[in-house]
Amino acid sequence: MPPGGGGPMKACEYSQISTRSSSPMESPRKRKGARRKWQVFPGRNKFYCDGRVMMARQTGVFYLTLVLIVVTSGLFFAFDCPYLAANITPAIPVVGGILFFFVMGTLLRTSFSDPGVLPRATPDEAADLERQIGNGEDLANGSSSGGYRPPPRTKEVLINGQTVKLKYCFTCKIFRPPRASHCSLCDNCVERFDHHCPWVGNCVGKRNYRFFYMFILSLSFLTIFIFAFVITHVILRSHQTGFLNALKDSPASVLEAVVCFLSVWSIVGLSGFHTYLISSNQTTNEDCDQDQCIQSTKFVLQAAATPLLQTDSNYSSDEPPLPGKTTLSVPCGTLPLGQPTPPTSTPNLTSEAMLADMLQRREEQDGHHFLTPEEAPSPPGMLSIGSTLTHSHTMHIFNPASQDSLHEDSVRGLVKLSSV
Amino acid sequence: MGRGWVRCRWGWMTDHIQKFHNLQELRRSASLATKVFIQRDYSDGTVCQFQTKFPAELDSRIERQLFEDTVKTLNGFYAEAEKIGGQSYLEGCLACTTAYIIFLCMETRYEKVLKKISRYIQEQNEKIYAPRGLLITDPIERGMRVIEISIFEDRGSSGSTSSSSSTSSSSGR
């Protein structure tokens, strides 16, 4: 290795380091004993097709989902479509086919893709972090280690001027980025973790949320489509041959109708719920989470939004505040910057960017009323509680002398967090 | 599909380059002394930006300006990747209507920028960092959480701790 030029900084010279092999863009060289990442993956995932497919450990329910969708659609195409195509229009099987293709495509993409798993810290990085945390605790010199387990370590970062606590993940040995969460089923930290869905056999996170949303949306349409046309088929037949004969002629229709009827409520409900989550820029984890830490973080982020966007306070507390509620669907509004969520890949930009932009504009117009109970599909009670709490917290910003009980609660929440 | 499409089709975890054999080559000529981790800078929100603060460990190894230029350029690349504009809208709408099948044939803008970043880091390593005994690891290898800069010492140079060199073999995951 020829001695490198070194820098003007030091007298001795450093050997030139070969950089060729460290480039990630280099084509891989097959070496004896070189193992692929998925073969040494530390999480509880299963890999298929030479690492191209990544799923959770328990995939039984996923196969049930596949069977339900394929069998119901298959029965529809086999038994109902011939009659419908002949009697109404051949466009019905075509549209049904397109919907089925969408559903299967998005389901497989959701199930097989990486949800946005954060790689665990390398031993060097973990050691470096431990050193930093150790130094920090030595300096602090006061935190009482509660009980057997050392207190969970948090790191405070400044996001757009507001302090947010990042939690330390003991398994992955990293400080989780904002909105990341650890999935206990898959034993991974996932970026912008939504939930672990057994129906798709995978976590739903940043990288596959758009596929998941498209899946439940297209499945809602498919379910309603099949249900509607099965009913139409039976009705048309019963005009000709009577109701019981119609059922006897196409027994599959009964099965399809039952399956679709049972699933339409949950699927359509879930689509509506996720539409609401997208429009309010939340994840399921953030919406339904009981963790005080995340609630406090959301309080802070919402408080961050308001001072930037409005100068005078025009709050209207519609209902008496309910103290001490742990689960709240407090809409997260915009991100601290009011910028659309950073996309992993650009297809995400379409829905989120437009919705987040709309949200920002609405905020600027109305001040603080970015989600009124009539706009959001979620239970109005919970939502107005959330708005009220937000109002009270922002009142805390503008009017420190306010002594309402909610103010106390939120302060207590924050204080509890900081003592951890 | 997001990050690292070319290297890792279905996510960075399924990439098939194992790094430790590369580091073994490096250790022939130099020994890994320590690593510096440049953390994310969240002051402008959750977009991917890294802190430009000059770490103390690099004080004697590289000029402040060079380091800051590298990090600022990387930040610029990431901002460009996440930028939302007409092209990204079109790409998104097209992908949505084709049930994302189009991504089997086409590369997203984000992936194109990631490739650019990779080439840039390699070029920086070759031209600036390797001559000074430093090596930058692409942040995507670390989940976009840190920029890892490895500091190497010449074999036979006195004083430096090389105990971390034994852990570097397992750092290849």
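**Exercise 1. How many salt bridges does a search of the whole structure find over all chains?**

Solution. The model is predicted; local features need pLDDT of at least 70, side-chain atom pairs count only at pLDDT 80 or more, and totals for chains, interfaces and linings use all residues. Residues are numbered from 1 along each chain as its sequence is written, chains are lettered from A and ligands numbered from 1 in the order in which they are written, and side-chain values use heavy atoms, with hydrogens and water left out.

Step 1. Apply the criterion: a salt bridge is a side-chain nitrogen of Lys or Arg within 4 Å of a carboxyl oxygen of Asp or Glu.

Step 2. State the result: the search over all chains finds 17 salt bridges.

Step 3. Note a linked group: Asp124(A), Lys35(B), Arg142(B) and Glu148(B) are joined in a network of salt bridges.

**Exercise 2. Locate the partners of the salt bridge between Arg153(A) and Glu130(A), and classify their burial.**

Solution. Step 1. The closest N and O atoms of Arg153(A) and Glu130(A) are 3.5 Å apart.

Step 2. Arg153(A) lies in the loop between helix H3 (123–140) and strand S3 (154–159) of chain A, and Glu130(A) in helix H3, so the pair ties together parts that are 23 residues apart in sequence. Helices (H or I, at least four residues) and strands (E, at least two) are DSSP runs, numbered from the N terminus.

Step 3. Buried means under 20% relative accessible area, exposed over 50%, and partly exposed in between (1.4 Å probe, protein chains only). Arg153(A), at 15%, counts as buried, and Glu130(A), at 36%, counts as partly exposed.

**Exercise 3. Describe the salt bridges of Glu286(A) with Arg179(A) and of Glu63(B) with Arg132(B).**

Solution. Step 1. In the pair of Glu286(A) and Arg179(A), the closest N and O atoms are 2.9 Å apart. Glu286(A) sits in helix H7 (residues 284–288) of chain A and Arg179(A) in the loop between strand S5 (174–175) and strand S6 (181–183) of chain A, 107 residues apart. Both Glu286(A) and Arg179(A) are buried.

Step 2. Between Glu63(B) and Arg132(B) the N to O distance is 3.2 Å. Glu63(B) is in the loop between strand S1 (30–39) and helix H2 (64–81) of chain B, and Arg132(B) in the loop between helix H4 (109–129) and strand S2 (134–137) of chain B, 69 residues apart. Glu63(B) is partly exposed at 21%, whereas Arg132(B) is buried at 11%.

**Exercise 4. Determine how many disulfides the whole structure holds, and examine Cys203(A) and Cys96(B).**

Solution. Step 1. With a disulfide taken as a pair of cysteine sulfur atoms within 2.5 Å, the search finds 0 over all chains.

Step 2. For Cys203(A), the nearest cysteine sulfur, that of Cys183(A), is 3.3 Å away. Cys203(A) is buried, with a relative accessible area of 1%.

Step 3. For Cys96(B), the nearest cysteine sulfur belongs to Cys93(B), 7.2 Å away. Cys96(B) is partly exposed at 23%.

**Exercise 5. Assess the predictor's confidence in chain B.**

Solution. Step 1. pLDDT is the predictor's confidence in each residue, from 0 to 100. The mean pLDDT of chain B is 78, and 72% of its residues reach 70 or more.

Step 2. Over residues 13–24 of chain B, pLDDT stays under 50; the same holds for residues 157–173 of chain B. Where pLDDT is low, the predicted coordinates should not be read in detail.

Step 3. For the complex, the predictor gives an ipTM of 0.73 and a pTM of 0.66.

Conventions
Contact means heavy atoms within 4.5 Å.
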